[in-house]
Amino acid sequence: MFLINETDAAIFPMARTGDMPKMLGWNLPADQQHLVHEHWKDFPAPPYYMHLLLAMIYFVLMNVSLIGNGIVVWIFSTSKSLRNGSNMFVVNLAIFDLLMMCEMPMFLVNSFAGHLVGFETGCAVYAALGSLSGIGGSITNAVIAYDRYRTISNPLDGRLNRVQCGILIFITWLWAMPFTLLPVFKIWGRYIPEGFLTTCSFDYLTDDSDTRVFVGCIFTWAYVIPMILICYFYGRLFGHVSKHELMLKNQARKMNVESLAANRNEKAQSVEMRIARAAFTIFFLFVCAWTPYAIVTMIGAFGDRTLLTPFFTMIPAVCAKIVSCLDPWVYAISHPKYRQELERRLPWMGIKEPGDNISTTDSKQTVVSDSVPMGPNGTD
């Protein structure tokens with residue numbers, strides 16, 4: 001817990017009565033006190049410098065997200081060599097990340113004010129943006145895993161066309177809508193302030209069966225199902241790559257040659273290592289982004305709520321924002337043609353990527369071998 005010091009009392013004249021610090025929610029008007037759950041009213045308001053510190057962190061993250069995801073949308077949307085079906089998923093993920101970035105200006109205003117600005121409406125807008133971007137981003141990760149599995153396991157006719165990709169993208173938006181709109185209209189669940197009362201999320205603290213069922217459903221919908229899909233498709237991908245590499249090695253041994261994949265760049269990493277790195281990075285980012293928040297919500301609904309201090313509940317929000325900033329670099333910077341476009345359009349970034357050096361061939365085995373190492377987000 002944090003106590004209000006003298007400086008904070010000077011900034012917030014009502015922050016202290018005698019020697020007693022004001023509690024969280026002290027600076028909200030009486031007609032808005034219903035927004036603050038009773039759990040938070042047991043904690044002293046944080047010192048003002050904590051608001052400023054978080055505001056500085058969010059300001060940096062906001063700019064990194066805007067630049068990184070903005071460049072992804074710009075280059076993938078305007079480059080003919082990158083306008084294929086698989087890369088539509090990269091743009092979709094960047095758009096969801098940009099939606100999360102839209103929360104950050106609201107957070108900056110709230111932090112400088114020291115309380116929630118806009119009250120109930122501001123809280124609903126803030127939380128809806130976070131819900132839409134978070135759930136949409138998680139299911140988009142699963143769709144990317146599915147696309148990578150199809151493309152790599154069946155490179156000749158497994159690629160999704162633009163119509164199929166458009167349908168899947170539409171599904172990701174539909175997937176994110178129910179648990180975004182239901183709390184907005186208070187049909188099921190609601191959005192309330194959390195942590196320092198400068199951010200908002202769905203209510204996971206009210207002690208009733210309706211709230212617990214809601215939390216269990218959104219946990220399954222937004223976290224468990226995408227996690228299962230990601231693990232399943234990348235597990236199948238690992239199995240296919242291992243089986244294919246073993247087949248190539250056995251065939252090469254029978255023919256008394258070093259390798260059947262004659263067109264592979266000798267300096268490139270092995271297929272297993274490149275796919276492992278890409279898949280693990282994708283999975284690791286997803287876990288880092290949403291596992292902390294999943295833990296907090298499950299504790300709030302089913303566990304010991306005394307563990308949920310204001311500071312502790314602010315950590316998951318920061319984790320999600322950090323990952324939304326890393327996504328464009330992890331998902332796109334490994335793409336050779338994207339790097340070539342960055343080198344051509346933004347030479348000041350200092351990116352150097354050699355031109356395409358993989359020749360085409362009619363051999364199905366060579367196409368499979370050369371298509372696997374190209375990274376997690378589709379290549380042509």
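Two strands pair if DSSP finds at least two bridges between them. In this predicted model, strand S3 (residues 191–194) and strand S4 (residues 199–202) pair over four bridges, running in the antiparallel sense. One place to see the pairing is Ile-192, which stands opposite Ser-201 in S4. Together S3 and S4 make a hairpin, with four residues between the two strands. In the turn, Gly-195 has a positive phi of about 60°. A general point helps when looking at such strands: in a regular strand the side chains alternate between the two faces of the sheet.

Helices also meet in this model. The axes of helix H5 (residues 119–153) and helix H6 (residues 162–176) come within 8 Å and cross at roughly 145°. This crossing of H5 and H6 is right-handed. On the H5 side, the residues that meet H6 are Leu-132, Ile-135, Gly-136, Ile-139, Thr-140, Val-143 and Tyr-146. Their partners in H6 are Leu-168, Thr-172, Trp-173, Trp-175 and Ala-176.

Trp-175 leads on to the aromatic rings, since it appears again in a cluster linked by ring pairs. Its companions there are Phe-179, Trp-188, Phe-202, Tyr-204, Phe-214, Trp-221 and Tyr-293. Across the whole structure, the search finds 16 aromatic pairs. Consider the rings of Trp-40 and Phe-43, whose centres are 6.4 Å apart and whose planes meet at 45°. Why is this pair called tilted? Planes under 30 degrees apart count as stacked and those over 60 as edge-to-face, with the rest tilted, so the 45° between Trp-40 and Phe-43 makes their pair tilted. Are these two residues buried or exposed? Trp-40 has a relative accessible area of 0% and is buried; Phe-43, at 5%, is buried as well. A ring can also have a charge over it: the charged end of Arg-345 sits over the ring of Trp-74, 5.1 Å from the ring's centre.

Finally, a look at one residue in helix H9 (residues 271–302), namely Ala-289. Buried means under 20% relative accessible area, so Ala-289, at 4%, counts as buried. Which residues is Ala-289 in contact with, leaving aside its neighbours within four places in sequence? They are Pro-316, Cys-319, Ala-320 and Val-323. For Cys-319, the separation along the chain from Ala-289 is 30 residues, yet the C-alpha atoms of the two are separated by 5.5 Å.

Methods:
Residues are numbered from 1 along each chain as its sequence is written. This is a predicted model: local features need pLDDT of at least 70, side-chain atom pairs count only at pLDDT 80 or more; totals for chains, interfaces and linings use all residues. Side-chain values use heavy atoms; hydrogens and water are left out. Rings of Phe, Tyr and Trp (its six-membered ring) pair if their centres lie within 6.5 Å; planes under 30 degrees apart count as stacked, over 60 as edge-to-face and the rest as tilted. Buried means under 20% relative accessible area, exposed over 50%, partly exposed in between (1.4 Å probe, protein chains only). A charge sits over a ring if NZ of Lys or CZ of Arg is within 6 Å of the ring centre and within 35 degrees of the ring normal. Contact means heavy atoms within 4.5 Å. Axes are lines fitted to C-alpha atoms, for helices over the stretch in contact, and angles run from 0 to 180 degrees between N-to-C directions. A crossing is left-handed if the near helix is turned anticlockwise from the far one by less than a right angle, and right-handed if clockwise.
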